[in-house]
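User: Please take a close look at one part of this model and walk me through it. I'd like one connected account rather than a list.

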Amino acid sequence: MDDPMYFGVTTKDAKELLRAEQSGKPIPAGKFDFGVDAVCAGCREFIRPPKKISRCSACKAVIYCSGQCAKRHWTCSHKSLCSHNKRHMQRLLKTQNVLKSFPWGRLETDGTFNLDIARGRFSVLGGSGYGYWSHRGGTAPHAVEGFETGASSAPYGWKLSPEFIPYRDFSKNEGRRPLLVTKFDGGVVDWDSWYRWRKIPKISPAALLMNFPMSVYHMLVNCLKVTSPNAGCKSRRVNLNFHLLGVEVELNFVPLFSELALLLPFHDIQMTLVGPGAQRLLDKAKNHPSSIAIRCFSSPSSPIFTYSAPAACGSSTISIYLSTTTMWTPDTYPTLDALVACNAGLVSYHNWLSVISAASFMHLPFASTEYMEPTAEYQRDHILTLLKASGSELLEDPAINHPIELNPFHCPGQRAIPMFRLPNLSNGFTVVVHKTPEGERRETSDELDAAMKGLFWELFGSDVLNCR
Ligand SMILES: [Zn+2]
Ligand SMILES: [Zn+2]
């Protein structure tokens, strides 16, 4: 799936769709379909003619090849999940409408969105050499490929027509500079408002990458409330220091996180990228002198990317660092305001356990995004059980203190999973793992820090060391 021939064929098909649309006769989904082959949730076999696809009649979320399979699946597991699925399926219309609001937002017959076809329309589908889009398409959504993002200009990184690019350098594009965000009517609250604020048309595929920096913004400002666009002013700048954990695909478009400096006026932001992906990028960078990561070798404490927003946008700064350790540890705790992670899979990966516990013990705000609501709920319940077992104080109502919500800046379009039709989106749902009371900065004291760090290493030290 990840070879140049696949990218070539997909791009050709995408261009054919585009040409048909431009001629005023768009090809309907049924005629030229990029949906996935359905798989029965009961017997796990592909459903091919003469077998027909049927769905659970109650929730409409699960696919079967026969009544027999549906019946068997009901008794063994679906019975307890069906009513939850029904609740989660209520989001489907909303997420489909978000996709349809983009001119390239083609819904296939199975309700999924083919991201490769969308990228093919703009000739940005492929492996390395595609600027910010240098992560592979197809079956490898997490691959780290990019090295060229550092010094590159926005047109070089985006590889799109100038009118589709959300510029960060306005010296040559003064007319494209967004309004000081606090003066923007209604604020930047969803894709519609972001595109308007950024003065780009919705035909631009920018949201397909910008969902990462915008999700980070949304988690910091709306889920964790560690800061806000109104928090600073000319005479009182705000320091914001946070870690983005478990980075993978984000490493291909690091400069796009400069958006935070435009969205948060009068801030000085420090963002550190942590995770095995960062480590792999460093290893690869040894043979790629043009990589932004190479800066870490000359001075590990210097940022790999910096940006200063224009005075008219609030003159914020952002410095982005690459952590040289693969596992997150609480060593930087006293100066840290929050932890965030994109598409984390909190219970899927063992390594999150120490981070979740540390965030709770240390009252460190932590939020993540997840692909699906049911897994997010399962994760939350699992986390609460873990925290209870480790003696953490539990807040009364998990739904209030650990809310799960649809992320307004999710990547448009349903991801393809052959057995289910539940809303399933990159950066789809936000989960609050730990939050401090609104407006309160975390209390720090040397004594507490030392005690918490001691506890962390006692509980997780061997885990952390073994994973290195
Ligand atoms: Zn079956
Ligand atoms: Zn059902």
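What follows is about the open sheet of eight strands.

Analyst: Bear in mind that this is a predicted model, where local features need a pLDDT of at least 70 and side-chain atom pairs count only at 80 or more, while totals for chains, interfaces and linings use all residues. Residues are numbered from 1 along each chain as its sequence is written, and chains are lettered from A and ligands numbered from 1 in the order in which they are written.

First, some background. The chain has 14 helices and 10 strands; these are DSSP runs numbered from the N terminus, with at least four residues (H or I) for a helix and at least two (E) for a strand. Of its 468 residues, 45% are buried, meaning that 20 or more other C-beta atoms, placed from the backbone, lie within 10 Å of the residue's own; 12 or fewer makes a residue exposed, and anything in between is partly exposed. Among contacts with a separation of 6 or more, 73% link residues 24 or more positions apart; a contact is a pair of C-beta atoms, placed from the backbone, within 7 Å.

Now the sheet. Its eight strands run in the order S5-S6-S4-S3-S7-S8-S10-S9, with mixed pairing; two strands count as paired if DSSP finds at least two bridges between them. S5 (305-308) and S9 (404-406) sit at the edges with a single partner strand each, so one side of each has no neighbour in the sheet. The twist averages 20° from one strand to the next. That angle, like the helix angles below, is taken between N-to-C directions on a scale from 0 to 180 degrees, using axes fitted to C-alpha atoms, for helices over the stretch in contact.

Start at the S5 edge. S5 pairs with S6 (residues 317-322) in the antiparallel sense over four bridges, and Phe 305 faces Ile 320 of S6 across that pairing. Further in, S3 and S4 run parallel and are joined by eight bridges, with His 243 opposite Thr 272 in S4. His 243 also stands opposite Leu 339 in S7, in a parallel pairing where four bridges join S3 to S7.

S7 (338-341) is worth a pause. Ala 338 and Val 340 point one way, Leu 339 and Ala 341 the other, and all are buried. S7 then pairs parallel with S8 over three bridges, and Leu 339 stands opposite Phe 366 there. Between these two strands the chain crosses through H11, a right-handed β-α-β crossover; right-handed means that, with the strands pointing away from the viewer, the path from the first strand over the helix to the second runs clockwise.

So what surrounds H11 (residues 352-361)? Nine of its 10 residues are buried, so this helix is largely enclosed by the rest of the structure. Those residues include Trp 352, Val 355, Ile 356 and Phe 361. H11 lies across S3, S7, S8 and S10, at about 40° to S10. In the loop leading from S7 into H11 you'll find Asn 351, which is partly exposed with 17 other C-beta atoms within 10 Å. Its C-alpha is 9.7 Å from that of Gly 246, 105 residues away in sequence. After H11 comes His 363, with a positive phi near 50°.

H7 (residues 207-223) also lies across S3 (238-245), S7, S8 (366-372) and S10 (424-434), running at about 30° to S10. One of its residues, Met 219, is buried, with 30 C-beta neighbours inside 10 Å. Leaving out residues up to four places away in sequence, Met 219 touches Leu 224, Val 340, Ala 367 and Thr 430. Its C-alpha is 8.4 Å from that of Thr 369, 150 residues along the chain.

Back toward the other side of the strand order, H9 (residues 276-285) has Gly 277, Ala 278, Leu 281 and Ala 285 buried. Seen down the axis, these fall within an arc of 100°, so they line one face of H9; the arc is that of the directions from the helix axis to the C-beta atoms. They pack against S4 (267-274) and S6.

As for confidence, mean pLDDT is 85 and 84% of residues reach 70 or more; pLDDT is the predictor's per-residue confidence, from 0 to 100. Over residues 464-468 it is below 50, and that stretch has eight contacts in the model beyond near neighbours in sequence. Where pLDDT is low, the predicted coordinates should not be read in detail.

How values were computed. Contact = placed C-beta atoms within 7 Å.
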